[in-house]
Structures are given as C-alpha cells and as structure tokens.
Amino acid sequence: MHRVTDLPALPERPADSHKGTFGRVLIVGGSQGMSGAPALAGLGALRGGAGLVFLAAPSSIVPIVAAIEPSWLTIPLAEDDRGRIAAAAREELHDAIARHDAIAIGPGWGQSDALRDLAQWMYSTVDRPLVVDADALNLLAQLPGVLGAHPGPRILTPHPAEFSRLCGRDVAAIQSHREELAAEFARAQGVVLVLKGRGTVVTDGELIAINETGNPGMATGGTGDVLTGLIAALLAQGSEPFAAARLGAHLHGLAGDLAAADLSQPGLIASDVARYLPQAWLELGRSAPPRRTT
C-alpha cells in the first residue's frame with residue numbers, strides 16, 4: 001500500500017469553457033423534515049465547481065429545496081405517505097441518471113424497504129461515478145453481498161458508526177485501526193473509502209492518504225452532506241475517484257478551518273463550510289501543483 005502525501009492537481013478551467021465543461025451533478029436526497037441535507041450537498045457541489053447541479057427530492061419538499069438556492073435545478077420525485085422517496089421514483093430517476101456525470105445518494109433519505117431497494121438498484125446498476133453517504137450507506141449495510149458488485153466507480157463516505165455497520169466491526173476496533181480496516185474494506189469491495197473523523201482516511205486499498213485539515217467545530221450536523229456534494233462535483237469535472245475524494249476531503253477541512261478562524265469553532269455550522277469553500281479554493285490555488293490539463 002502506497003501512502004500519498006501530495007494533493008492531486010486541480011481540475012482545469014479552460015478560458016473557452018461553458019457550464020457543460022464542468023459536468024452535471026445529480027444529488028438524490030431528502031425527506032420530510034430533512035430538506036436541508038440535499039441542499040447542503042447541493043451547496044457543496046456548486047461551490048465545488050460543478051457546471052450544473054440537480055437536486056432530486058420528494059415532491060413535497062421541492063419548494064423548500066428550490067427556495068434555499070436559485071443556482072440549482074430540482075427534480076420532484078414520487079414519495080410515500082411519510083414524505084420519503086417512494087418506489088415509483090425509480091422510473092423517474094432512470095432517465096435523469098443518464099444525463100449526469102456524477103451522482104450522490106443518501107443525504108436525508110430516512111429508511112424504508114423501498115429506499116433499500118432503490119439504494120441497491122442504483123449501487124448495482126449505475127455506471128456513472130456514485131458517491132454514497134448517510135442513509136444509503138446504512139441501507140446498503142443490510143445487503144453486504146452487493147457492495148463488491150458495481151459497474152462504475154464508487155466512493156463511500158461513512159463516519160465510524162456507519163463504517164461499523166458496513167464492515168461488521170465495532171467502533172472501538174475501527175478507531176484503533178482506522179487505516180488498516182479502511183484499506184482492507186476498500187480493496188475487498190473495489191471502492192474508494194472516505195472514513196471520516198479526525199485524520200479522515202482516504203483509500204482505494206492500494207493508495208492511502210490521511211487528511212490533515214479540519215477541526216472539531218465541523219462536528220455538527222450537515223457537514224458530511226457538504227463533503228458529499230463537493231466530491232461529486234470533482235468527479236463531474238473529470239477527477240479520478242481517489243483524487244476526487246482526496247482533494248474533496250482537503251478542501252472541505254480547509255474551508256472549515258477558514259470558517260472557524262473567522263467565526264469560532266463553537267459557532268460553526270455546516271452551511272459555513274460551503275460558504276468558505278471559495279476561500280479554500282483561493283488558498284489552495286496559491287500552493288497547489290499545476291492544474292490538470294484537458
């Protein structure tokens with residue numbers, strides 16, 4: 001296993017580019033009472049440089065999601081009687097998936113049999129890069145046999161409790177052997193794993209990087225959703241999965257550090273992390289290696 005300390009080159013921003021140049025991100029998320037989760041992921045994707053961001057959410061919360069930020073587009077989905085994405089949404093998502101370069105699933109989903117089936121269907125059939133977070137991870141943990149079978153790149157972004165459900169080890173063991181267990185899982189399942197927490201571990205089983213940005217002020221609801229959208233945006237711009245996860249974790253933590261320096265750690269909230277991503281890009285741009293050419 002090779003330890004990586006350098007950051008990947010930043011995605012190129014050609015002078016003659018247009019919004020299509022920087023990719024289309026689809027975020028599938030939300031439920032009644034959880035409209036903020038896909039919105040925070042959407043902010044992460046927009047501030048991560050994606051050309052177009054679409055939020056697909058249960059139809060009853062689409063007006064709320066649409067009102068949060070005018071820069072994204074929305075796709076209303078069928079919902080069940082508790083305001084969660086329903087089984088009928090699968091047909092609605094089928095055509096949308098084909099029009100996007102990277103997809104993120106899980107923020108604010110909740111759990112149901114229909115959502116478990118949706119998570120399995122998307123994980124097992126979507127050939128585009130897929131970022132899997134939050135309840136999508138918890139649902140897939142109920143179906144461990146599917147994790148190694150996927151037709152496209154997969155980036156899983158669990159915190160330790162979610163990783164415990166995925167790998168069947170207790171949280172204490174995970175925290176004592178974060179690098180080893182993360183790499184073992186990523187290698188066995190053919191995924192990129194982003195094991196969140198202090199010293200976030202990013203690994204594909206062969207390469208491993210430990211993120212050194214971030215602070216305890218980021219231990220607040222919704223910061224992981226911002227990271228999910230940010231990684232999806234980097235994928236949509238053409239970054240390879242490990243590079244997208246590595247750069248995304250660094251930028252996310254750096255934005256949190258910059259926000260905390262101005263606002264304090266106790267006063268930090270998730271939307272601040274998205275709001276400070278432009279400053280993180282500026283700081284990174286002053287010290288980063290040459291941009292990736294297209």
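**Chatting through the sheet, Ser-112 and the largest pocket**

Modeller: In this predicted model, Ile-27 has Leu-55 of β3 as its bridge partner.

Colleague: Nice start! How many bridges join β2 to β3?

Modeller: There are five, between β2 (residues 24-28) and β3 (residues 52-58). These two strands run parallel.

Colleague: And what order do the strands of the open sheet have?

Modeller: The order is β1-β10-β9-β8-β7-β6-β5-β2-β3-β4, ten strands with mixed pairing. At the edges sit β1 (2-3) and β4 (73-77), each pairing on one side only.

Colleague: Switching topic: where is Ser-112?

Modeller: Look in the loop between β5 (102-105) and α4 (113-125).

Colleague: Is Ser-112 buried or exposed?

Modeller: Ser-112 counts as buried, because its relative accessibility is 15% and the cut-off for buried is under 20%.

Colleague: What does the side chain of Ser-112 reach?

Modeller: It reaches the backbone nitrogen of Leu-115, at 3.1 Å. Leaving aside neighbours within four places in sequence, Ser-112 is also in contact with Arg-84 and Leu-139.

Colleague: Okay, pockets now. How much space lies in the largest pocket?

Modeller: About 680 Å³. It is lined by 27 residues, and the closest to its centre are Lys-196, Gly-197, Thr-200, Met-218 and Thr-223.

Colleague: Which helices each supply at least two residues of that lining?

Modeller: α6 (160-167), α9 (223-236) and α10 (241-263) do. The largest share comes from α9, with four residues.

Colleague: And how does the lining split by class?

Modeller: You'll find 14 polar, seven nonpolar and six charged residues there.

Methods
Residues numbered from 1 in each chain as written. Predicted model: local features only at pLDDT ≥ 70, side-chain atom pairs only at ≥ 80, totals over all residues. Heavy atoms only, no water. Buried < 20%, exposed > 50% of the residue type's maximum accessible area, 1.4 Å probe, protein only. Polar contact = N/O pair within 3.5 Å; in protein donor to acceptor, adjacent residues only side chain to side chain. Contact = heavy atoms within 4.5 Å. 1 Å grid on protein atoms, 1.4 Å probe; cavity = no way out; pocket = protein on both sides within 12 Å on 5 of 7 lines; lining within 4 Å. Points joined across faces, edges and corners; volume = space filled by probe spheres on them. Nonpolar A, V, L, I, M, F, W, Y, C, P; charged D, E, K, R; others polar. Pairing = 2+ DSSP bridges.
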